[in-house]
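Reader: I am new to this one and would like to be walked through it slowly. Could we look at it together?

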Amino acid sequence: RQYLSFSVDGELVNSDNFWTFAAFDTSHYISFGESERARQRIIALNLWTGMSPSWKVTPQGPNSRVVVNAPPYNHGATLGGWDRMRGYEAYRFHDKAVFYSSLEYRYTLKYNPTQSYDWMQSFQVDWFQTVPFIELGQVAPEYSFDLLRDLKIDVGVSLRLLAAGIVFRADYAKSNEGNNIWFMVNQTY
């Protein structure tokens, strides 16, 4: 799966802060098939990178600078939160350019405890998954090899289930800044 995007400020007319953000996102999945205890074993890899061409830093006074035409946190080069760099608080890192990579080992169990109890079958749980993961990422003021220096790292494990056609997940992630638990819907990628 590959995804190339170019986002712009939704208010093209009368906008005080016109911003742009270009990104490339790619995911690859390697199947190791079934095992004695697993219905499926998958290595899931993701790489996401992007930059904001409109982002400018301008001087404002003798000792200060201001950023103009920067995308909002939820549209730009931001790391931290429930999908990218889960070991850090939401929107923890934000700058002009971003690099992010992730590896997950998705182990779908054959065992399904909800099939053993009549009262649990109404939840329509198809499978359970355990997913250890590692994430690397960085933001920088320019799109350059600086994005690969001093990478932020987190590790964690996710418990996921498919119920009524929807993936529910609980992620626990640890970074050098602490631990986080995220409860979300859908796979990360």
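Author: What follows goes through the sheet, then the salt bridges, then a surface patch and some backbone angles. Please keep in mind throughout that this is a predicted model.

Reader: Fine, let's start with the sheet. What is the order of its strands?

Author: The sheet is an open one of eight strands, and their order is β1-β2-β3-β8-β9-β10-β11-β12, with antiparallel pairing. The strands at the edges are β1 (2–8) and β12 (178–185), each of which pairs on one side only. On average, neighbouring strands of this sheet are turned by 15° against each other, with direction ignored.

Reader: And what holds strands of a sheet together in general?

Author: Strands of a sheet pair through backbone hydrogen bonds, and the pairing can be parallel or antiparallel.

Reader: Take β3 and β8, then. How many bridges join them?

Author: Strand β3, which covers residues 38–51, is joined to strand β8, residues 97–109, by 13 bridges, and the two run antiparallel. If you want to trace the pairing by eye, W48 has Y100 in β8 as its bridge partner, and L47 stands opposite S101 in β8.

Reader: What about β8 and β9, how many bridges there?

Author: There are 10 bridges between β8 and strand β9, which spans residues 125–140, and these strands run antiparallel as well. A pair to look for here is E104 with F133, the latter being the bridge partner in β9.

Reader: Let's change topic to charges. How many salt bridges does the structure hold?

Author: The structure holds 13 salt bridges. One of them is formed by E34 and K110, whose closest N and O atoms are 2.9 Å apart. E34 lies in the loop between β2 (20–33) and β3, while K110 lies in the loop between β8 and β9, so this pair ties together parts that are 76 residues apart in sequence.

Reader: Are those two residues buried or exposed?

Author: E34 is exposed, with a relative accessible area of 53%, whereas K110 is partly exposed at 38%.

Reader: Which residue does D83 meet in a salt bridge?

Author: The side chain of D83 meets that of R169 in a salt bridge, at 3.1 Å from N to O. D83 sits in the loop between β6 (77–79) and β7 (93–95) and R169 in strand β11 (residues 166–175), so the pair ties together parts that are 86 residues apart in sequence.

Reader: Does R169 come up elsewhere? I mean, which other side chain does it meet in a salt bridge?

Author: R169 also meets D171 in a salt bridge, with 2.7 Å from N to O. Apart from the salt bridges, the side chain of R169 reaches the backbone oxygen of W82 at 2.3 Å.

Reader: Why do R169 and D171 count as buried, and where does that leave D83?

Author: Buried means under 20% relative accessible area. R169 counts as buried because its relative accessibility is 3%, and D171 counts as buried because its value is 1%. D83, on the other hand, is partly exposed, with a relative accessible area of 28%.

Reader: Which residues are linked in a network of salt bridges?

Author: The network links D83, R86, E104, R106, E135, R160, R169 and D171. You have already met E104 in the sheet, where F133 in β9 is its bridge partner.

Reader: Now the surface. Which residues make the nonpolar patch?

Author: L103, I134, I153 and V155 make a nonpolar surface patch of about 290 Å². Among them, I153 is found in strand β10, residues 152–163, and I153 is partly exposed, with a relative accessible area of 44%.

Reader: Last topic, the backbone. What sign does phi usually have?

Author: Most residues other than glycine have a negative phi. In this model, N69 has a positive phi of about 60° although it is not a glycine. N69 is found in the loop between β5 (65–68) and β6, and N69 counts as partly exposed at 25% relative accessibility.

Reader: And N186, what is its phi and where is it found?

Author: The phi of N186 is near 85°, which is a positive value in a residue other than glycine. N186 is found in the segment after β12, and at 46% relative accessibility N186 counts as partly exposed.

Terms used: Residues are numbered from 1 along each chain as its sequence is written. This is a predicted model: local features need pLDDT of at least 70, side-chain atom pairs count only at pLDDT 80 or more; totals for chains, interfaces and linings use all residues. Side-chain values use heavy atoms; hydrogens and water are left out. Two strands pair if DSSP finds at least two bridges between them. Helices (H or I, at least four residues) and strands (E, at least two) are DSSP runs, numbered from the N terminus. Patches are made of residues with over 30% relative accessible area and no salt bridge: like charges are joined within 9 Å, nonpolar side chains (Val, Leu, Ile, Met, Phe, Trp, Tyr) within 5 Å. Accessible areas come from the Shrake-Rupley method with a 1.4 Å probe; for residues, only the protein chains shown count as cover. A salt bridge is a side-chain nitrogen of Lys or Arg within 4 Å of a carboxyl oxygen of Asp or Glu. Buried means under 20% relative accessible area, exposed over 50%, partly exposed in between (1.4 Å probe, protein chains only). Axes are lines fitted to C-alpha atoms, for helices over the stretch in contact, and angles run from 0 to 180 degrees between N-to-C directions. A polar contact is a pair of N or O atoms within 3.5 Å; within protein, one must be able to donate a hydrogen and the other to accept it, and residues adjacent in sequence count only if both atoms are side-chain atoms.
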